[in-house]
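Visitor: I should like a close look at one part of this model, with attention to the contacts between charged side chains. Please take me through that part in a single connected account.

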Amino acid sequence: MNYASWKLRKAVAADLHSIYTAATVEEAEIRLDEFKAKWEEDFPSFVQYWRRNWARIIPFFDYPLEIRRIIYTTNAIESVNMNLRKITKNRAAFPSDEAVLKLFYLALMNISQKWTMPLQNWKAALNRLSIMFKDWMLIR
């Protein structure tokens with residue numbers, strides 16, 4: 001969005017939102033074509049970026065809508081990643097993989113205590129994840 005003027009940001013963001021909230025890959029491709037027709041003249045780099053990375057975006061649509069909502073709400077994810085990187089960046093090496101997992105577990109417990117507002121639709125996403133990955137133990 002750095003290349004969009006302030007006047008057009010909301011409209012461009014709304015059109016991009018219609019792409020990644022589409023129900024299927026086919027619908028997303030139709031929305032991308034609509035985006036291209038509307039914005040390519042003003043923002044050719046946006047269209048090129050989405051087309052160039054389309055193969056990386058398609059797997060996103062394999063997940064149910066509840067999980068996709070959590071995925072594209074990246075602020076929480078980026079915050080967790082930043083905190084985990086902060087914890088590991090000062091350590092040159094770990095004695096074992098288990099040591100890293102223990103450190104991450106403790107860090108995630110501390111991070112989760114700082115959260116003030118739960119992610120929207122987290123319960124629905126958690127239910128879908130537990131169905132999809134029933135063999136995995138989910139931390140609750």
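**Salt bridges around helix α2**

Guide: Arg 31 has a relative accessibility of 25% and therefore counts as partly exposed. In this predicted model, the side chain of Arg 31 forms a salt bridge with that of Glu 27, at 3.5 Å from N to O. Glu 27 is likewise partly exposed, its relative accessible area being 27%. The two residues are four apart in helix α2, which spans residues 25-39, so about one helical turn separates Arg 31 from Glu 27. Glu 34 also belongs to this arrangement, since a network of salt bridges links Glu 27, Arg 31 and Glu 34.

Another contact leads out of helix α2. Asp 33 and Arg 51 meet through their side chains in a salt bridge of 2.4 Å, N to O. This pair joins distant parts of the chain, with Asp 33 in helix α2 and Arg 51 in helix α3, 18 residues apart. Asp 33 is partly exposed at 40% relative accessible area, and Arg 51 is partly exposed at 36%.

Helix α3 (44-52) has a further role in the model: α3 and α4 (54-57) each contribute at least two residues to the lining of the second largest pocket. That pocket has a volume of about 300 Å³. Its lining comprises 10 residues, of which Tyr 20, Trp 50, Ile 57, Phe 60 and Tyr 72 are the closest to the centre. By class, seven of the lining residues are nonpolar, two polar and one charged.

The search of the whole structure finds five salt bridges, including one between the side chains of Glu 98 and Lys 102 at 3.5 Å, N to O.

Definitions and conventions: Residues are numbered from 1 along each chain as its sequence is written. This is a predicted model: local features need pLDDT of at least 70, side-chain atom pairs count only at pLDDT 80 or more; totals for chains, interfaces and linings use all residues. Side-chain values use heavy atoms; hydrogens and water are left out. On a 1 Å grid over the protein atoms alone, a cavity is a set of points where a 1.4 Å probe fits but cannot get out, and a pocket is an open set with protein on both sides within 12 Å along at least five of seven lines; lining residues have an atom within 4 Å of a point. Grid points are joined across faces, edges and corners, and a volume is the space filled by probe spheres set on the points. Ala, Val, Leu, Ile, Met, Phe, Trp, Tyr, Cys and Pro count as nonpolar, Asp, Glu, Lys and Arg as charged, and the others, Gly among them, as polar. A salt bridge is a side-chain nitrogen of Lys or Arg within 4 Å of a carboxyl oxygen of Asp or Glu. Buried means under 20% relative accessible area, exposed over 50%, partly exposed in between (1.4 Å probe, protein chains only).
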